[in-house]
Amino acid sequence: MATTLVSFQINADPPARLDKALSRDVPEEATLSRTRLAKLMADGCITVNGTVAENPKAKVAEGAMIEITVPVADESHIGPEDIPLEVVYEDDDLIVINKPAGMVVHPAPGTPNGTLVNALLHHCGDSLSGVGGVQRPGIVHRIDKETSGLLVVAKSDKAHQGLAAQFEKHTVERYYQAVVYGVPDANDPRLRGVKGVNFESGNIMRITTHLARHKTDRQKQAVLFQGGRHAVTRSRIVEAFGTPPVASLIECWLETGRTHQIRVHMAHAGHGLVGDPVYGGRRKLAEKAVGAAAIEAAKTFPRQALHAAVLGFVHPVTGGNARFEAELPEDMQSLIAAFQGGTPAP
């Protein structure tokens, strides 16, 4: 197996543990994460002063000579597939994709192929330098199968580490657009009685709860106020539909990024997403308010009306600011047109 050798010395005042000293002092250009270093140590690929290191908790002295034998990235067990992709941006370290609704991000038992990862393996080919020792794209966040919009994927280990850190710290800019039942307005007295919902200046609705897997339906998330994981969603009204208003286009942005967060939070507030088979349900709309075309469009909309429209982050390698936008897909544009009094596209 082809390998590369990374050599360096431990700097002054090393941490008490070898694994932490390695993580601190390993050359940045080696792009070896703490997890990757742990695996390399377990595989016997790290020596300290010529002796194989086995104990991550061992002490190490200043000036100790470290050698790490790094195997060339293995090929992924996931197969490449020639699936068209809408590439918004790409360089040597990352790629930004505008994912269509209906595409799963990563293979799973129920969807072993036809995923974004399969498509990226074909598209990127040999430009993948290896993530975690495997020649594969680095998935740092996901959007649901039936949600459309922007995703950033790492092509190198350094980009993967940098992007993952930003998502963990919640510093990534993410804006979504959604069509929901009702109008989440501060003047609605009902919303003042919904636990976890409050309004900030500018008629911005802030939903603060905890989220966890539903006790009986393992495919769903449930709102909790004890236990689970902290979750915060903000939203504002972009346009209200109907006379009187019975639906609206909203913009949402995330302080946290939990599974189904926008979908379950909006449903908790009583403003489920149009077309959402899990949380939104099918609601009866008054024909006098929006007309027959809008009622039919909402009734037959085949997915949750949710689109990841804006994605912004600090480029993990160059350090520059990166920000991307993707306009609403045709199906959501048609849904909105129907609510506005237009004719849905065929």
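Is Asp 144 buried or partly exposed? I opened my notebook with this question, working from a predicted model, and I found that Asp 144 counts as partly exposed, at 21% relative accessibility. Since buried means under 20% relative accessible area, I noted the value with care.

**Entry on Asp 144 and its partner**

I next looked up what the side chain of Asp 144 meets, and I found a salt bridge with Arg 263, at 2.9 Å from N to O. Asp 144 lies in the loop between β9 (138–139) and β10, while Arg 263 lies in helix α5, so the pair ties together parts that are 119 residues apart in sequence. Arg 263, unlike its partner, I recorded as buried, with a relative accessible area of 5%.

**Entry on the pockets**

I then turned to the largest pocket, for which I wrote down a volume of about 950 Å³. It is lined by 32 residues, and the closest to its centre are Arg 142, Ile 143, Asp 144, Thr 259 and His 260, so that I met Asp 144 again here. Among the elements that each supply at least two residues of this lining are β13 (204–213) and α5 (261–268). Sorted by class, the lining has 13 nonpolar, eleven polar and eight charged residues.

For the second largest pocket I noted a volume of about 320 Å³. Of its 16 lining residues, those nearest its centre are Asp 144, Gln 219, Lys 220, His 260 and Arg 263, a list that holds both partners of the salt bridge described above. Its lining, by class, has three nonpolar, five polar and eight charged residues.

**Entry on the cavity**

How many cavities of 30 Å³ or more does a search of the whole structure find? I found one, and its volume is about 40 Å³. The residues that line this cavity are His 141, Leu 150, Arg 174, Tyr 175, Tyr 176, Ala 308, Val 310 and Leu 311. I traced them to their elements and saw that β11 (173–181) and β17 (306–314) are the ones that give two or more residues to the lining. By class I listed six nonpolar residues, one polar and one charged.

**Entry on other salt bridges**

The count of salt bridges came to 15, and I followed two more of the pairs. Glu 90 and Lys 155 meet through their side chains at 2.9 Å, N to O, and this pair links distant parts of the chain, with Glu 90 in strand β6 and Lys 155 in the loop between β10 (148–154) and α4 (157–168), 65 residues apart. Glu 90 is partly exposed at 31%, whereas Lys 155 is buried at 3% relative accessibility.

Arg 303 forms a salt bridge with Asp 331, where the closest N and O atoms are 2.7 Å apart. I placed Arg 303 in the loop between α7 (292–300) and β17, and Asp 331 in helix α8, 28 residues apart. Arg 303 is buried, with a relative accessible area of 2%, and Asp 331 counts as partly exposed at 27%. I also noted that salt bridges with shared partners join Glu 200, Arg 206, Arg 234 and Glu 255 into one network.

**Entry on helix α1**

Which residues of helix α1 (residues 18–25) are buried? I listed Leu 18, Ala 21, Leu 22 and Asp 25. Seen down the axis of α1, these buried residues fall within an arc of 100°, so they line one face of the helix. I added the general reason beside this: an α-helix has 3.6 residues a turn, so residues three or four places apart point the same way.

Methods
Residues are numbered from 1 along each chain as its sequence is written. This is a predicted model: local features need pLDDT of at least 70, side-chain atom pairs count only at pLDDT 80 or more; totals for chains, interfaces and linings use all residues. Side-chain values use heavy atoms; hydrogens and water are left out. On a 1 Å grid over the protein atoms alone, a cavity is a set of points where a 1.4 Å probe fits but cannot get out, and a pocket is an open set with protein on both sides within 12 Å along at least five of seven lines; lining residues have an atom within 4 Å of a point. Grid points are joined across faces, edges and corners, and a volume is the space filled by probe spheres set on the points. Helices (H or I, at least four residues) and strands (E, at least two) are DSSP runs, numbered from the N terminus. Ala, Val, Leu, Ile, Met, Phe, Trp, Tyr, Cys and Pro count as nonpolar, Asp, Glu, Lys and Arg as charged, and the others, Gly among them, as polar. Buried means under 20% relative accessible area, exposed over 50%, partly exposed in between (1.4 Å probe, protein chains only). The arc is that of the directions from the helix axis to the C-beta atoms. A salt bridge is a side-chain nitrogen of Lys or Arg within 4 Å of a carboxyl oxygen of Asp or Glu.
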